[in-house]
Amino acid sequence: MLQKLQNGEIKVALIGLGYVGLPLAVEFGKKFDTVGFDVKAERLESLRHGVDTTLETSPADLKAAKYLKYSCNPEDLKDRDVFIVTVPTPVDQYNRPDLTPLYKASETVGKAMKPGAVVVYESTVYPGCTEEECVPVLERFSGLKYNVDFFCGYSPERINPGDKEHTLTRILKITSGSTPETAELVDALYNRILQSGTHRASCIKVAEAAKVIENSQRDLNIAFVNELAKIFHLIGIDTSEVLEAAGTKWNFLKFRPGLVGGHCIGVDPYYLTHKAQALGYLPEVILAGRRINDGMGKYVATEVVKLMIKKEQKVANAKVLVLGITFKENCPDIRNSHVVDVVRGLEEFGCRVDIYDPWADPGEVRHEYDLDSVRELSALKPGEYDAIVLAVSHRQFATLDFRRFQKSHAVVFDIKGLLPKEAVDGRL
């Protein structure tokens with residue numbers, strides 16, 4: 001297999017063409033015979049027309065991948081040498097890992113792969129998941145034996161949606177393999193498309209663990225400053241000013257309070273805690289951070305209502321405008337957005353909430369959260385709102401004259417610290 005790679009003859013398949021899979025498919029498709037496989041036919045049709053709705057790749061990128069073809073037909077996978085699985089790994093309503101997409105992808109690969117195949121997983125999982133959960137599925141549906149007839153690797157994704165600086169080819173990537181030979185192959189394969197190189201982990205479990213703690217670390221740091229924001233609010237001092245002062249120390253970590261959503265930071269820690277609890281250990285610190293961050297949406301809603309009451313506003317049936325519904329700035333990704341918690345919290349108080357987000361697709365928002373949103377400012381009425389909540393720091397909001405949409409004594413709450421202190425009534 002290594003010789004086929006060196007000769008440029010290796011055949012690659014990407015299973016799942018979302019934020020992670022498509023950039024990989026494009027880069028491999030520039031150099032090797034590559035199949036981008038996805039079950040969503042409409043997604044494939046858009047890509048064939050040079051349109052990536054995630055905005056992670058450009059029409060020029062898609063055109064440059066001259067060896068890439070798109071398919072939803074499993075038959076097109078049967079001649080592949082390497083399969084790279086990049087499906088989502090969410091949690092269920094009880095914050096337990098939902099491995100359904102991973103099982104289905106492994107079944108698809110198992111039915112298609114031939115002896116000698118290498119299956120590389122990029123989806124975020126807990127340490128041991130690849131070999132304990134995915135490998136048995138591959139064996140069952142292929143009839144092949146692990147590390148005899150086929151082999152596995154793990155190279156955790158490091159895609160940051162909307163980030164045009166730390167793109168796939170510019171980041172250092174972790175690689176691993178189930179045997180020394182497989183590890184060498186996987187490492188060599190990724191180095192064919194990367195500019196910044198790789199770090200080869202000693203085994204698959206180490207690579208899995210490294211990924212899951214990257215986001216758990218960020219989650220805990222944000223939980224810390226979120227708790228600080230609550231404390232400083234009670235004291236009566238501005239959190240941003242405190243963090244600015246503390247940030248003058250050379251080794252102070254510059255995190256800011258906010259909502260922790262998305263498909264990584266707000267989800268990955270639950271994979272690690274699930275594994276720890278399965279082994280009989282209760283991870284107190286990680287779960288404490290999760291509780292703080294998961295509760296921030298309702299906290300913001302409560303603070304907005306308190307400010308409205310102080311201004312002697314009637315809360316029931318008050319009109320509130322929420323600016324932003326995506327999980328982060330300058331990207332269309334709405335997965336696991338905790339802005340939704342702010343909206344639900346305001347609705348529980350009887351407020352009527354409108355959502356404006358120039359990045360989010362209203363159809364997706366409706367499908368995912370049963371909420372209405374608009375992309376055009378023209379859909380909003382001037383002087384309509386009793387409160388405005390800046391929830392996401394899209395670049396469009398930095399210059400938005402939001403005052404024309406508020407009533408004379410409206411409350412303005414800035415979650416992201418985008419606006420000057422004197423322009424708002426409250427912020428984290």
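This passage describes strand pairing, aromatic and charged contacts, cysteines and selected helices in a predicted model.

The model is predicted, so that local features require pLDDT of at least 70 and side-chain atom pairs count only at pLDDT 80 or more, whereas totals for chains, interfaces and linings use all residues. Residues are numbered from 1 along each chain as its sequence is written, and side-chain values use heavy atoms, with hydrogens and water left out.

Secondary structure elements are DSSP runs numbered from the N terminus, with helices being H or I runs of at least four residues and strands being E runs of at least two. Two strands are taken as paired if DSSP finds at least two bridges between them. Under this criterion, strand β4 (residues 82-85) is joined in parallel to strand β1 (residues 11-15) by four bridges, with Val 82 of β4 serving as the bridge partner of Val 12. Strand β4 also pairs in the parallel sense with strand β5 (residues 118-121), again over four bridges, and here Val 85 stands opposite Tyr 121. In a regular strand the side chains alternate between the two faces of the sheet. In β4, Val 82 and Ile 84 point one way while Phe 83 and Val 85 point the other way, and all are buried, where buried denotes under 20% relative accessible area, exposed over 50%, and partly exposed the range in between (1.4 Å probe, protein chains only).

A further set of parallel pairings involves strand β12 (residues 406-414), which is joined to strand β11 (residues 385-390) by five bridges. Within this pairing, Tyr 385 has Gln 406 of β12 as its bridge partner. Strand β12 pairs, likewise in the parallel sense, with strand β13 (residues 426-427) over two bridges, and Phe 413 stands opposite Gly 426 of β13.

A pair of aromatic rings is described by the distance of the centres and the angle of the planes. Rings of Phe, Tyr and Trp (its six-membered ring) were paired if their centres lie within 6.5 Å, with planes under 30 degrees apart counted as stacked, over 60 as edge-to-face and the rest as tilted; the count by this rule comes to four aromatic pairs. One of them, formed by Phe 28 and Phe 32, is tilted, at 6.4 Å centre to centre and 40 degrees between the planes. The rings of Phe 28 and Tyr 190 have centres 5.9 Å apart and planes at 70 degrees, so this pair is edge-to-face. Because Phe 28 lies in helix α2 (residues 21-29) and Tyr 190 in helix α7 (residues 180-191), the pair ties together parts that are 162 residues apart in sequence. Phe 28, Phe 32 and Tyr 190 form one aromatic cluster; Phe 28 and Tyr 190 are both buried, and Phe 32, at 0% relative accessibility, also counts as buried.

A charge is considered to sit over a ring if NZ of Lys or CZ of Arg is within 6 Å of the ring centre and within 35 degrees of the ring normal. Lys 249 lies over the face of Trp 250 at 4.4 Å from the ring centre, and the charged end of Lys 230 sits over the ring of Tyr 299, 5.0 Å from its centre. Tyr 299 is found in helix α12 and counts as buried at 17% relative accessibility. With contact defined as heavy atoms within 4.5 Å, and residues up to four places away in sequence not counted, Tyr 299 touches Lys 230, His 233 and Leu 428. Glu 303, which is also placed in helix α12 (residues 296-310), counts as buried at 7% relative accessibility and, with the same exclusion in sequence, touches His 233 and Phe 413.

The expected span of a helix is 1.5 Å times one less than its number of residues. For the 32 residues of helix α8 (residues 204-235) this span is 46 Å, which agrees with the 47 Å separating its end C-alpha atoms. Helix α8 is followed by Gly 236, whose phi is positive, near 100 degrees.

With a disulfide taken as a pair of cysteine sulfur atoms within 2.5 Å, the count of disulfides comes to zero. Cys 129 is in no disulfide, the nearest cysteine sulfur, that of Cys 134, being 4.8 Å away, and Cys 129 counts as buried at 0% relative accessibility. For Cys 331, which is likewise in no disulfide, the nearest cysteine sulfur is that of Cys 264, 11 Å away; Cys 331 counts as buried at 1% relative accessibility.
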